[in-house]
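These are my notebook entries on one structure. I record what I looked up, entry by entry.

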Amino acid sequence: MNAAIWTVRRLLHGAGLIVAVLVLNFILVHLAPGDPADVIAGEMGGASETVMADIRAAYGLDRSVPEQLARYLGHVLTGDLGFSFYFNRPVTALVFDRMGATALLVMSAIVTALVLGTWLGVVAARRPRGLAAQLVAVFSVAGFAAPVFWTGMMFLLAFASYWPIFPVSGMADVGYPRHGLAYALDVAHHLVLPSLTLAMIYMAQYSRQARAGMLAALSADYIRTARAKGLTEPRVVWRHALRNALIPVITIAGLQFGQVLAGAVLVETVYSWPGLGRLAYESILRRDSPTLLGVLLGSAVMVILANLLTDAAYRLADPRLRGTS
Amino acid sequence: MSISIGRRGAIVAAGATGLPIASHAQAPDPKRGGTLVMLGASTRHVNPALQSGTPAGIPGTQIFASPLRFDDKWNPLPYLAESWVLAADGKSLTLNLVKSAVFHDGAPVTSADVAFSIGVIQKNHPFKTMLEPVEGVDTPDPHTAIIRMSRPHPAIMLAMSPALCPILPKHVYGDGRDILTHPANTAPVGSGPYRLTEFKPGESITLARFDRFFIPGRPYLDKIVMRIIADAPTALLALERQEIVYIPYVTTVRDAERLGKQAHLQVSDKGFEGIGALNWLAFNCAKKPLDDKRVRQALAYLADRPRMLKVLQGGKVPVALTPIHPGSPLYTTEVNHFDYDLKKAEALLDEAGHKKGADGVRFKLTIDPIPGAVETSAGVAEFLRGQFKRAGVELELRTAPDFPTWAQRVAGQEFDLATDAVFNWGDPVIGVHRTYLTRNIRKGVIWSNTQSYSNPKVDALLDAAAAEPDPAKRKAEYKEFQQLVVDDVPILFLHPFPYTQAAHKGLKGLPTTIWGPMSPWDEMYWEAADRR
């Protein structure tokens, strides 16, 4: 299929999905008990019936849910994601402010998981009965089984408490100016633990996937041919076998982008990383529905784009797919 | 400084030098400079004129000055008001303002600003009783404000505190826009020791020293950064690692003990008498079988609070016997202590007609613990479940995932029992009356009389005490009130909240007055040279 037609079709699918996500999320958020008026009254230390009614009227919460939904969709179509009850700011500004931090965390975690996971998988596949392979197997089972928040706490205890080489929380130290190389290094220093925590579970999965793919590839005829041609072992492994073994890993990585974002909610909360995940967490606790819907919309767009890019990468990696729909 | 009863009975107070006086003992040589990086809390805005609570109150009391401040013995001290006179009939309070005070934008603080602020608070603050009798504020000159009241209102003094009476600049907040959504709520202009330089919602609040603060030489710190760390264990670790150096409210004994063992940290349980936080168990008096006082009393006899506190708090926290915080001068212990008595509890339940069934069960109740630390919420519910079962009362836990869920059940009066954390806010008129007055039973409003408790004698006593100018008579009225409420058991009082503040040892001048962290930090400074 022509690449342009394929791209347009996928974009249209994506747009349909985004509308569905908007409607479904709106309904789900409004099904939760309590509303922003309860939260604001709680934070105020109580509020009269009049104040509660005023708050509900100010944010349109006194209208029926279908009416609120229609108004919300109308605003979103004009690029207006609403105003945050809790943060007193337009949601679009809030989401854009936090998106960079989450993108940095998620992308660094995915790259870390892909690179290290694949490397571990290759190491395990080269000598399947060796000690390294056994260690990788143990690591992948443990990494996959451990919940993200638990891994985060363990890393904090190990590398921020007992052996304090990394910071506990935040994205940068207060003392640094927010520009220049020193700031970039400071952010990188703060990024190590959150990124590793988020990457852990996926690293384990990718190592298993890469190991299985490599085992299959290394026993294939074309590898035997490559060896017969006298290619060096590293070239056979890293150039010829790995390229084929990577295709399922790429597919899984793309599909898991949404899960990585979900994991970011926990990681950002544990490490006080100022991203969309923490914003989502605070919005849920405060029933700040416009902000939560804005974060979910941003996440949905990112997931859809990531899947689109994965499919494109898949087509690049495997020429056979270019003629299919 | 002197506080005396004048010839005609007027209470007169003034700073002898005409300058505000330190709220607690001064260290010999406070040093200037340095940054305080501390734990902050997420807040919608930093204007305490519109809401109570510590998240807005802590930054708010640094940004805004108030007419008075208080020491650690409940004595009022000069602040924006260098002296004041409470009239003999108790119906007016004259504030004589410091002449050198200016707002962060350079405009002078005047009596018009005081009158404007009191109007804003009266209209918008949730504590309606706090300024209820105020009829108006006269401003005979720019530095004199006379608060007129329809009746004596002893609570007016504590209502002038930093967290309750921030003085807002009229020229900023009185520009005709809705005060509730005014942009200056997140970009405030006050006259306190620090001015706000950055407000990043959910992330951080940054304050810088206000060089024209009206107390010469103060404040000492250059900058305060309040970092919001949502995860409690991470915040503790950050304090241990010195990424932050001050936590104003450590909420559990376990955490305080852990921090107290750190060589570089100081821990203090002083400074929490003013907010007077109590943890309690509320009964829905409108629902059967809890509408019967004997049933509530029986459950109180079963609770065994000393044992509960031993199990959950290591015995480090006292029992709170009454609706008034033990740190208040109005607190009394001359009430029914409801010591554990299984026989008495069973007799009361039998008398109320709730005999044990064949399965040993008399009746079933639900309990909604307020989301929070296990020791003060879910743990309490679990403990009580075991206690109540001894007499055949089954308790089912309904754990709420978050505050809005819990608040909807409690405010909607859709509960049997609920644990709750409620503050006294200094004077009982401000934070205590709301829970017991019959006229404050308001469905859908959290921290009103959600127990649906009604006792005409209690109503009369509270109304009398609210307007009683004689301190001795007032104390006697509140004593009787406490005895009645404790005996009626609309609420079983569990314990004062075990708050502590933890800070780096090099940080001096920690706020330990009755309002603690919710008072101006103009006396806080770094002793360690490397921190400045």
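**Entry 1: the domains of chain A**

I began with the area that domain 1 of chain A and domain 2 of chain A bury between them: about 1,600 Å², with 76% of it on carbon and sulfur atoms. I note at the outset that the model is a predicted one. For the bounds, I found that domain 1 of chain A covers 3-77 and domain 2 covers 97-320. I then looked up the distance between the two centres, taken over C-alpha atoms, and it is 32 Å. The contact draws on 20 residues of domain 1 of chain A and 16 residues of domain 2 of chain A. I also searched this interface for salt bridges, and the rule finds 0 across it.

**Entry 2: the domains of chain B**

I next turned to chain B, where the assignment gives domain 1 as 3-228 + 499-531 and domain 2 as 277-496. Domain 1 of chain B is thus written as two segments. The centres of the two domains of chain B, taken over C-alpha atoms, lie 33 Å apart. I recorded 19 residues from domain 1 of chain B and 16 residues from domain 2 of chain B in the contact. Between them these domains bury about 1,500 Å², and carbon and sulfur atoms give 76% of that area. Which residues of domain 1 of chain B lose the most area to domain 2 of chain B? I found Trp74(B), Phe127(B) and Pro154(B), which together make up 34% of what that side buries. For salt bridges across the interface of domain 1 and domain 2 of chain B, the rule finds 0.

**Entry 3: chain B against chain A**

I then looked at the interface of the two chains. Chain B and chain A bury about 3,600 Å² between them, and 54% of this is on carbon and sulfur atoms. Chain B brings 39 residues to the contact, and chain A brings 43 residues. How many salt bridges are there between chain B and chain A? The count is 2 salt bridges. In a salt bridge between Asp402(B) and Arg287(A), the closest N and O atoms are 2.6 Å apart.

**Entry 4: salt bridges within chain B**

I reminded myself that side chains of opposite charge can pair when their charged atoms come close. Over all chains, the structure holds 40 salt bridges. I looked up several of them in chain B.

Arg258(B) and Glu240(B) form a salt bridge through their side chains, at 2.7 Å from N to O. This pair joins distant parts of the chain, for Arg258(B) is in helix H5 (residues 253-260) and Glu240(B) is in helix H4 (residues 232-240), 18 residues apart. Are the partners buried or exposed? Arg258(B) is partly exposed at a relative accessible area of 34%, whereas Glu240(B) is buried at 15%. I class Glu240(B) as buried because its 15% is under the 20% limit.

A second pair is Glu346(B) and Arg362(B), whose side chains meet in a salt bridge at 3.4 Å, N to O. This pair too links distant parts of the chain: Glu346(B) sits in helix H8 (residues 342-351), and Arg362(B) in the loop between H8 and S16 of chain B, 16 residues apart. Arg362(B) counts as buried, with 12% relative accessibility.

A third pair is Arg385(B) and Glu382(B), with 2.9 Å from N to O. Both residues lie in helix H9 of chain B, 3 residues apart, which is about one turn of the helix. Arg385(B) is partly exposed at 33% relative accessibility, and Glu382(B) is partly exposed at 41%.

I also noted a network of salt bridges that links Arg32(B), Arg209(B), Asp211(B) and Asp222(B).

**Entry 5: strands S16 and S17 of chain B**

Finally, I followed the chain around helix H9. Strand S16 (residues 363-368) of chain B pairs with S17(B) in the parallel sense, over 5 bridges. The route from S16(B) to S17(B) passes through helix H9 (residues 378-389), and this β-α-β crossover is right-handed. Which residues of strand S17 (residues 393-397) form the covered face? They are Val393(B), Leu395(B) and Leu397(B), while Glu394(B) and Glu396(B) form the uncovered face. I noted that Glu396(B) in S17(B) stands opposite Thr366(B).

Methods:
Residues numbered from 1 in each chain as written. Chains lettered and ligands numbered in written order. Predicted model: local features only at pLDDT ≥ 70, side-chain atom pairs only at ≥ 80, totals over all residues. Heavy atoms only, no water. Buried < 20%, exposed > 50% of the residue type's maximum accessible area, 1.4 Å probe, protein only. Helix = DSSP H or I, 4+ residues; strand = E, 2+ residues; numbered from the N terminus. Pairing = 2+ DSSP bridges. Right-handed = clockwise from strand over helix to strand, strands pointing away. Domains from an automatic or database assignment. Contact = heavy atoms within 4.5 Å. Buried area = accessible area lost by both parts, 1.4 Å probe. Salt bridge = Lys/Arg side-chain N within 4 Å of Asp/Glu carboxyl O.
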